[in-house]
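Q: Got a minute to go through this model with me? I'd like to hear about contacts, cores and empty space.

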Amino acid sequence: MQVLVTLRFLASVSFLQVVGDTVGLDKSTFSRTVDRVCDALVRKWHQFIKWPSVQEKDKIKKGVFEIGGFPNVIGCIDGTHVRIQAPTQDEPAYVNRKGWHSINVQAVCDDKGNITYLCASWPGSTHDSHIFRTSNLRQHLEANHTRISDGFVLGDSGYACRPYLLTPYLHPQGNPQQRYNDRLCRTRVTIERTFGRLKRRFHFLYSEIRMNPGKVCKIILTCAILHNIAILRNEVLDVDDAHVRQDQPLIDHYRGRNDDKAIRDHIASTFFAN
């Protein structure tokens, strides 16, 4: 019963009290129930959200190439904002570029939309590049990416170009760079669709969440775990991908150093010359 009422809550846009009344539980009991179920799932997050193994990377590369024709990709990275009510502490930090309060959620997905990395702990004003720069994912990629065959993560122009993280050209020069941009954009839509499906499956993430930021972050992680379990169990969700990026802050282009554009140039000239 606790699992079922928690799923009912996460799949709806109703408040705790409304859903609690529907199933015959008072608000405080319902809140404790949601906490218990989320805590139980979060304790097992590493079983369901994990970076791919070498063998899994080979399968992802093949699947991603079939989607957008971009070679050697092991994941696509992006951020999405989950709206929250104004918190009582550090309120300005949660105001994003659109002027509303949010949690900035960063994730990487594979070709099937399975979330292989998630960070849901930063306030809405935090730039995507800063979240990645301070993440254990960046540390892992820097320590383990030694050659092109190790694979790339694809990001948008909000990230710095790195040997392991490829971003688009802001001003492409010539056909190879333009083709590179087109294929990257076509491939990166995978993470945008993943966010869209995550929020469609758990409508709770679409509404303004009236909880403290810490609890919101825990529930976001819970929803990501359940999303991966649904994919594992082949639970198909039909959504309109045209509305995936609805009501999200505009990208603030990365303006820092891009020390590794030579790798991007090599990929463009080698794989997209013709």
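Q: Leaving aside its neighbours within four places in sequence, which residues is leucine 141 in contact with?
A: Leucine 141 touches Trp51, Phe132, Val153 and Tyr164. Contact means heavy atoms within 4.5 Å.

Q: What should I know about the model itself?
A: It is a predicted model: local features need pLDDT of at least 70, side-chain atom pairs count only at pLDDT 80 or more, and totals for chains, interfaces and linings use all residues. Residues are numbered from 1 along each chain as its sequence is written, and side-chain values use heavy atoms, with hydrogens and water left out.

Q: Back to leucine 141. Buried or exposed?
A: Leucine 141 is buried, at 6% relative accessible area. The cut-offs are under 20% for buried, over 50% for exposed and partly exposed in between, with a 1.4 Å probe and protein chains only.

Q: Which helix is leucine 141 in?
A: Helix H7, residues 136-144. Helices (H or I, at least four residues) and strands (E, at least two) are DSSP runs, numbered from the N terminus.

Q: How many helices and strands are there in the protein?
A: The protein has 10 helices and 5 strands. Of its 274 residues, 50% are buried.

Q: Now the largest nonpolar core. Which members touch the most others?
A: Phe70 and Tyr180, in a core of 50 residues. Helix H9 gives the most to this core, with 9 residues. Apart from it lies another core of 14 residues, including Trp51 and Val153. A nonpolar core is a set of buried Ala, Val, Leu, Ile, Met, Phe, Trp, Tyr and Cys residues joined through side-chain atoms within 4.5 Å.

Q: What is tyrosine 180 in contact with, leaving aside neighbours within four places in sequence?
A: Its contacts include Phe70, Leu166, Pro168, Arg264, Ile267 and Phe272.

Q: How many disulfides?
A: The count is 0. A disulfide needs a pair of cysteine sulfur atoms within 2.5 Å.

Q: Why is cysteine 38 without a bond?
A: Because the closest cysteine sulfur, in cysteine 223, is 7.3 Å from the sulfur of cysteine 38, too far for a bond. Cysteine 38 is buried, at 0% relative accessibility. Cysteine 223 is also buried, with a relative accessible area of 0%.

Q: On to empty space. How much lies in the largest pocket?
A: About 480 Å³. The largest pocket is lined by 17 residues, and the closest to its centre are Glu56, Asp110, Lys112, Asn114 and Leu232. On a 1 Å grid over the protein atoms alone, a pocket is an open set of points with protein on both sides within 12 Å along at least five of seven lines, while a cavity is a set where a 1.4 Å probe fits but cannot get out; lining residues have an atom within 4 Å of a point. Grid points are joined across faces, edges and corners, and a volume is the space filled by probe spheres set on the points.

Q: Which helix gives the most to that pocket lining?
A: H9, with 4 residues. The lining of the largest pocket has 7 nonpolar, 4 polar and 6 charged residues. Here Ala, Val, Leu, Ile, Met, Phe, Trp, Tyr, Cys and Pro are nonpolar, Asp, Glu, Lys and Arg are charged, and the others, Gly among them, are polar.

Q: How much space lies in the largest cavity?
A: About 40 Å³. Its lining includes Thr80, Val82, Leu198 and Lys199. Strand E1 (73-83) and helix H8 (175-201) each give two or more residues to that lining.
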